Amino acid sequence: MLIYITIIFYISFYRSDPFTDPFRAGFVVTSQIPLVYALATKNNIIGIMVGVGYEKLNFLHRLVGKLMVIGANVHFIGYVYKWSLAGDINKKLAENPIRWGIVALVCLDLLGFCSTEYVRSKSYNLFIVSHVVSLIIFLFAICYHEPTCVPYVVAASVFYILDHVVRAVKTRITTAKLRPLSELGTTRVEMPSINAGWRAGQHVRLRVLSSSMGWWGWSEVHPFTIANVAETSEGMVLMCKKTGRWTSSLFSMAQTASYSETGLKLGCDVRVMVEGPYGGVGHTVMSSYSGAIFVVGGSGVSFALAAVPDLIRAATDIKIIDIVWSVQDPSSLSPLLPLFTTLVQKSRVNVHVFYTRAISTTFDKMFLPPGITILPGRPQLKKLLDAAITNTVSAGGSNGVFVGVCGPVSLANTMAGVVKDTDVRLCAAVGGVELHEETFGW
């Protein structure tokens, strides 16, 4: 990143005064148009080459975008200063190419403002709408402003169109079964007709085609990590945590009661549009490691629920598999206890559940089979990682330990610090430690 920023500033200001030669700043901005559009696509060539999902490259997209906003404003301010000294600013601002340039600048500034973390977290729909509208208008405006920009706009358009073609190919419309998991505050989405085509750790983008989602809810697309392995009778399964208006509407739909031959039951069928899969662990082969530990928070357990059965099914000689799950209430374990019990009985799997709130009055202490523990407080991640490494070494493993994190950005950052500070001798003994993060920080 530092090298890229240095290069941009060097070619923008080396032997060039932005107040006497503002054209260079505008040219540098134009040269970055294909790059910023390529990094914005879900199926971009850069991610394919380096083996990572689009979400891992989003920080580069934001960086290039910020530099373009700065450069465009330097370009405009430089010309305003130059025209003011010459006394012909009113004449220049009346010219059509200049007016189109101002339109392009307004689009970039609007993009910059609506892309801030505050706007993304408070009004994601505003962020999306402003992005789509401004990016399209910007391309037309920049061509009318300066004809030499056309080749760069064509390149950006090619990236954008190809991405949408690929996304259309990867999109399926099917019927999904919604089931509420009240203890987790989560909606379980089952799609039996889709039972292949993804790997553990990948996610899809879900759109619910129902008026029950609200006036504009049907038009929203949200990413969710796939919560099971491929080629099963239940099909693709997603776990959608109730965190905002859209997911709350989805949970309300799932709570709809209906009568059947077996009596009253919760849940409903709904048409959905599924796009993907995307992301995942890239070129990493989880089954090649001697040990694995999955640190997940809340609905991030989806990652572990897909990865652990996949590791067991791969029939490798992996020695240790630990799942560390942080939840708010211990009753969250109830709906997943049968699945966890099956996992610990099949292989060397250990499940550690930590809850951060006081036990509710409706929670009855449940029987936990060997291999499953539930404790109050936040997990001591360093101790758990050191234990996983030590146990792997003791079992004869020397091919490294895989660390998978799925949950809030804060959890991923904390775990990254723990992995970085792991004792060098432990890492050398086990064959290294590799970290993979599966987070969505908008």
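**Close-up 1. Trp100 and Tyr144, a ring pair between two helices.** Trp100 is partly exposed, its relative accessible area coming out at 34%. Keep in mind that this is a predicted model. Tyr144 is exposed, at 53% relative accessible area. The ring centres of Trp100 and Tyr144 sit 4.9 Å apart with the planes at 25°, so this pair goes down as stacked. Trp100 belongs to helix α7 (residues 96-114) and Tyr144 to helix α9 (residues 124-145), so the two rings tie together parts that are 44 residues apart in sequence.

**Close-up 2. Tyr79 and Trp83, a ring pair inside one helix.** The structure has twelve aromatic pairs, and Tyr79 with Trp83 is one that counts as tilted, with 5.3 Å from centre to centre and 35° between the planes. Both residues are part of helix α5 (residues 58-86), where Tyr79 and Trp83 are four residues apart, or about one turn of the helix. An α-helix has 3.6 residues a turn, so residues three or four places apart point the same way. Trp83 is buried, with a relative accessible area of 9%. Tyr79 also has a partner from elsewhere in the chain to look at: its C-alpha atom is 8.2 Å from that of Asp21, and the two residues are 58 apart along the chain. Asp21 comes from the loop between α1 (2-13) and α2 (23-31), and Asp21 is partly exposed at 31% relative accessible area.

**Close-up 3. The open sheet and the helix lying across it.** Here six strands make an open sheet, ordered β12-β11-β10-β9-β13-β14, with parallel pairing. The edges are β12 (372-376) and β14 (433-438); each has a single partner strand, so one side of each is left without a neighbour in the sheet. On average, neighbouring strands of this sheet are turned by 15° against each other, direction ignored. For a finer look, take β13 (residues 401-406), which pairs with β14 in the parallel sense over six bridges. Phe402 has Glu434 of β14 as its bridge partner. Helix α14 (residues 381-394) lies across β9 (291-297), β10 (320-327), β11 (349-355), β13 and β14, and runs at about 160° to β9.

**Close-up 4. Helix α12 and an aromatic cluster.** How far apart are the end C-alpha atoms of helix α12 (residues 301-313)? They are 19 Å apart, and at 1.5 Å a residue the 13 residues should span 18 Å, which agrees. Helix α12 is mostly covered, with ten of its 13 residues buried. Among them are Val301, Phe303, Leu305, Val308 and Leu311, along with Pro309. Phe303 turns up again in an aromatic cluster, which it forms with Tyr289, Phe294 and Phe402.

**Close-up 5. Asp386 and Lys382, a salt bridge within α14.** Twelve salt bridges are found in the structure. One of them joins the side chains of Asp386 and Lys382, at 3.0 Å from N to O. Both residues sit in helix α14, four residues apart, about one turn of the helix. Asp386 is buried at 18% relative accessible area, whereas Lys382 is partly exposed at 46%. Elsewhere, salt bridges that share partners join Asp163, Arg167, Arg205 and Glu275 into one network.

**Close-up 6. Glu220 and Arg245, a salt bridge between distant parts of the chain.** The side chains of Glu220 and Arg245 meet in a salt bridge at 2.3 Å, N to O. Glu220 is in the loop between β3 (202-208) and β4 (222-225), Arg245 is in helix α11 (residues 245-254), and the pair links these distant parts of the chain, 25 residues apart. Is Glu220 buried or exposed? Glu220 is buried, with a relative accessible area of 8%. Arg245 is partly exposed, at 48%.

**Close-up 7. Glu55 and Lys56, a salt bridge along the chain.** Glu55 forms a salt bridge with Lys56, and the closest N and O atoms are 3.1 Å apart. The relative accessibility of Glu55 is 15%, so Glu55 counts as buried, the cut-off being under 20%. Lys56 is partly exposed, with a relative accessible area of 29%.

Technical notes
Residues are numbered from 1 along each chain as its sequence is written. This is a predicted model: local features need pLDDT of at least 70, side-chain atom pairs count only at pLDDT 80 or more; totals for chains, interfaces and linings use all residues. Side-chain values use heavy atoms; hydrogens and water are left out. Two strands pair if DSSP finds at least two bridges between them. Helices (H or I, at least four residues) and strands (E, at least two) are DSSP runs, numbered from the N terminus. Axes are lines fitted to C-alpha atoms, for helices over the stretch in contact, and angles run from 0 to 180 degrees between N-to-C directions. Contact means heavy atoms within 4.5 Å. A salt bridge is a side-chain nitrogen of Lys or Arg within 4 Å of a carboxyl oxygen of Asp or Glu. Buried means under 20% relative accessible area, exposed over 50%, partly exposed in between (1.4 Å probe, protein chains only). The expected span of a helix is 1.5 Å times one less than its number of residues. Rings of Phe, Tyr and Trp (its six-membered ring) pair if their centres lie within 6.5 Å; planes under 30 degrees apart count as stacked, over 60 as edge-to-face and the rest as tilted.
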